[in-house]
Amino acid sequence: MKFFTGILLFLKCIVIVPPLFAQNTAVDSLAQLLEASPKVPKTHINLLLKIAENKLHINHQEALVYSKQALELSQKYSLPLKTAQSYKMLGLLYRQKNDFALCKKNYELAIEAFKKLDRILEVANIYVSMGIIHRRQANYTESLRLLFKGMDVFEATNNETGKARVYNSIAITYGELGVYSKSMDYNFKSLHIYKNNHNQDKYALVLGDIAYGYYKKNDFKPALRLSRESELLSRKINKPIAELWAIGIRGLVYEKQRKYKEAIAILEKVTQGFGKIKARYLETLFKTHLGYALASAKQYSRAEEILAFTLADAKKRKTGELWVLSLLGLYHIHKNQQEANKALYYQGRYIEVRDSLYNQHKNQEFSSMQLSFQMDKERVLSQQMLAQKQLEIDNKNLALKQQNTLLYTSAIIALLLIVIIVYIFRSRQRQIKFNQTLAKHNQEINERKKEIVQQTEELRATNERLLRLDEFKQRMTGMIVHDLKNPLNAIIGLSGKKYSPQFQKTIHQSGIRMLHLVMNILDVQRFEEAQIQLNLQPQLLKQVVQQAHEQVSLSLAEKGVLFRQDVPENLTIKADEALIVRVFVNLFNNAIKYTPAQGKITVTLEDMPGSNFQKILVNDTGKGIAAHFIAQVFNKFSRQTSPAQRVHSSGLGLTFCKQVIEAHTGEIGVQSEEGKGSTFWFTLPKTVIPNDSLIYRQGLAAATPEGSRRKNGGFNLQEKAILIPYVHQLQKMEIYELTAIKNILGQLPKDNEAIQQWKKELENTLYSWNEVRFKELLAFV
């Protein structure tokens, strides 16, 4: 099939065109170097060949001139290697010019010259190039003969690059002959080499060729699978030609399977794609199949238009398969439209062309199979002869070696026999005694060595345990001291000042934080020893969340983290209120630690249909958890730390949460992605409280806030106009000027909810002495 050659030629054009501009610069530099260099023959010839190589795709005629000059100088100064290289370059140039007669002549001269120099790989490469030339001339028998000669050399030298190239060329030749089984065999060989060499470009193309082979054999399942694999790989490495080729094979399979709707959609897309990149042969190939599919789908008008075009193009290109398919499609169109004369005409032409192609292919296939058999036979005979000669040489060398060994051995034995006998007799007794003494000492040494090794291992293990315990003690002490330091600082700082009712909440929350830290340590141990009894009562979930929120409100204000909950008023759970409040507090504190300023913490619910449990989610917009750490996040003393995260923790908070939730027969887990935040979720049993019950009324009242903050957290133009004069005054003050700052804040309007919320957060920064947050709130306006 000619499409193999068409594809490779087009891809070569795609690869060659982009470097042309760079080559122009390189050629100019080489030309200047040629003029300036001394007339040393080898140097001059090398420059001439290099210029010819760079002008190969720029100025073909000038490249020929430089190559002929290099050949003349090589012959003049009797330089056989340069002569061979010059002939090879001339062959390549005439091949590009499609002057196959001069190409073959120069290649044959290059082969003769390289053989004299024992450059067998160069000879093999030229065999492959000549095989490709004969294939383009439809001389398949000679093409295969030359390709097989090149293959023998590459296989004998185990040259992977050369083997992949020649296997692919043989596969293309067999494909054009219609011998798809052998074509696929050689394609699989080249595919294996390209895979091992990580050559993804070639790998994707050969995958498509193998898929086409399966299609021609009507084995559609592997054809679809391999074409899809080739399509994905080609798209990944940005190779549109290979991608369109793979997609088109899938369209051909659908056509064979009579899935005309899918086939038409794919073939139209592929035809347009090849048209845009001007791959004319491939465009005609798939356009022909598109016309045939349209005819089969009874879209006769459009099918006739397309097939008439492809028929003319196939005649022009002498592409037999497309010619036959176009004629067959036109015959079916006119037959189904009851146009008898046209149908009979196209039927006759179809039979005539089909039979001619069949006879031609059969003759070519027979010749190629005969050649392949002859080449295999010659290869086997050659290997057998080489093996026989090598065996004869090995036998002669072995016999000669044995004779020499026998002579030397006899002489040595004759001279040393008496000395050896005497020495053996005398040394035997000494050796026995020495061996006995040595064995006794060795036994004693081994026993002592075992004792030393055992003692060393025991000491090492003991030392490692002591080091780990000491490290654990220091780490735990440091973590507990750090966690207690902040709330203690707040209590000491506020209690040492003049009493103000506003300090009460800060002191209270600082004490609660210290209590939670101590209780986490104690309760984890009590849960492990099964000493805690749960006080399970119906609880309003919103009230529980509000309590936890109040206990961390100071931390939220200090960090500048927003908090939102979406919990219904009347949702009731059955739980130990104190423990579940602490679970929420631990999860909130954990989220606050890892969430940056202006971040958000959200409490939401998720339904569990058919379950008596309620799923609760605590989501933050923090740094997230590394994937490898998620599995151990609930383990005792586990902490995620990095040089960029100066976060201290006792590592017991999440362990406590897990123990409490599991004690309530619930489950707990986490979903996280680094840089996108975390979502901790857990389940608790649901229950129902009558609407008239006391706990319901009390909980509902506690869970309903007097006012809510704005969702967008910003001010309108009127509010900004009010605040800006006060902000200018506040920016001139330091955070410790509490009285002056409070006097200014007292002048703010009291009937605006957003301004009052901003005022409240600003006052919280004064009580917590958070200067960074104080300045952020001023800049927020």
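This is a short talk on the helices, cores and rings of one predicted protein model.

Okay, hi everyone. Some ground rules to start: residues are numbered from 1 along each chain as its sequence is written, and side-chain values use heavy atoms, with hydrogens and water left out. The model is predicted, and local features need pLDDT of at least 70, side-chain atom pairs count only at pLDDT 80 or more, and totals for chains, interfaces and linings use all residues.

Let's begin with the overall picture. The protein has 27 helices and seven strands. Those are DSSP runs numbered from the N terminus: helices are H or I with at least four residues, strands are E with at least two. Of the 781 residues, 43% are buried. Buried means under 20% relative accessible area, exposed means over 50%, and partly exposed is in between, using a 1.4 Å probe and protein chains only. The protein exposes about 44,100 Å², and carbon and sulfur atoms supply 55% of that. Those areas come from the Shrake-Rupley method with a 1.4 Å probe, and for residues only the protein chains shown count as cover.

What about contacts? Take the ones with a separation of 6 or more: residues 24 or more positions apart account for 64% of them. A contact, by the way, is heavy atoms within 4.5 Å.

Now, the inside. A nonpolar core is a set of buried Ala, Val, Leu, Ile, Met, Phe, Trp, Tyr and Cys residues joined through side-chain atoms within 4.5 Å. The largest one here has 80 residues, and V166, I170, Y174, Y186, W245, F274 and F286 touch the most other members. Zoom in on I170: leaving out residues up to four places away in sequence, I170 touches L144, L147, F148, M151 and Y186. There's also a second, separate core of 42 residues, which includes I532, V603, I616 and L654.

On to the rings. How many aromatic pairs turn up in a search of the whole structure? The search finds 12. To pair, rings of Phe, Tyr and Trp (its six-membered ring) need centres within 6.5 Å; planes under 30 degrees apart are stacked, over 60 edge-to-face, and the rest tilted.

Why does the pair Y174 and Y186 count as stacked? The ring centres of Y174 and Y186 are 6.1 Å apart and the planes sit at 20°, so the pair is stacked. This pair links distant parts of the chain: Y174 is in helix α9 (residues 160–177) and Y186 in helix α10 (residues 180–196), 12 residues apart. Y174 is buried at a relative accessible area of 0%, and Y186 counts as buried too, at 10%.

Next up, F584 and F588, a tilted pair with 5.8 Å centre to centre and 50° between the planes. Both lie in helix α21 (residues 577–594), four residues apart, or about one turn of the helix. Both are buried.

Then there's a single aromatic cluster made of Y212, Y215, W245, F274 and F286. You may remember W245, F274 and F286 from the largest core. Y215 has a charge on top as well: the charged end of K256 sits over the Y215 ring, 4.4 Å from its centre. For that label, NZ of Lys or CZ of Arg has to be within 6 Å of the ring centre and within 35 degrees of the ring normal. K615 does this with W681, lying over its face at 4.5 Å from the ring centre.

Here's a buried serine. S143 lies in helix α8 (residues 140–157) and counts as buried at 0% relative accessibility. Not counting residues up to four places away in sequence, S143 touches G131, H134, R135 and T173.

Two annotations from UniProt, both from an unreviewed entry. "Transmembrane region" covers residues 406–425, a span that is 100% helix and 0% strand, with its end C-alpha atoms 27 Å apart. "Coiled-coil region" is placed at residues 438–465; that span is also 100% helix and 0% strand, and its end C-alpha atoms lie 40 Å apart. UniProt positions are in the numbering used here, feature names are shortened, and annotations may be inferred rather than shown by experiment.

Last thing: backbone angles. Most residues other than glycine have a negative phi. R258 has a positive phi near 65°; R258 is in the loop between α13 (240–256) and α14 (260–276) and is exposed at 67% relative accessibility. T665 also has a positive phi near 65°, in the loop between α22 (653–663) and β6 (668–672), and T665 is exposed at 57%.

That's it from me, thanks!
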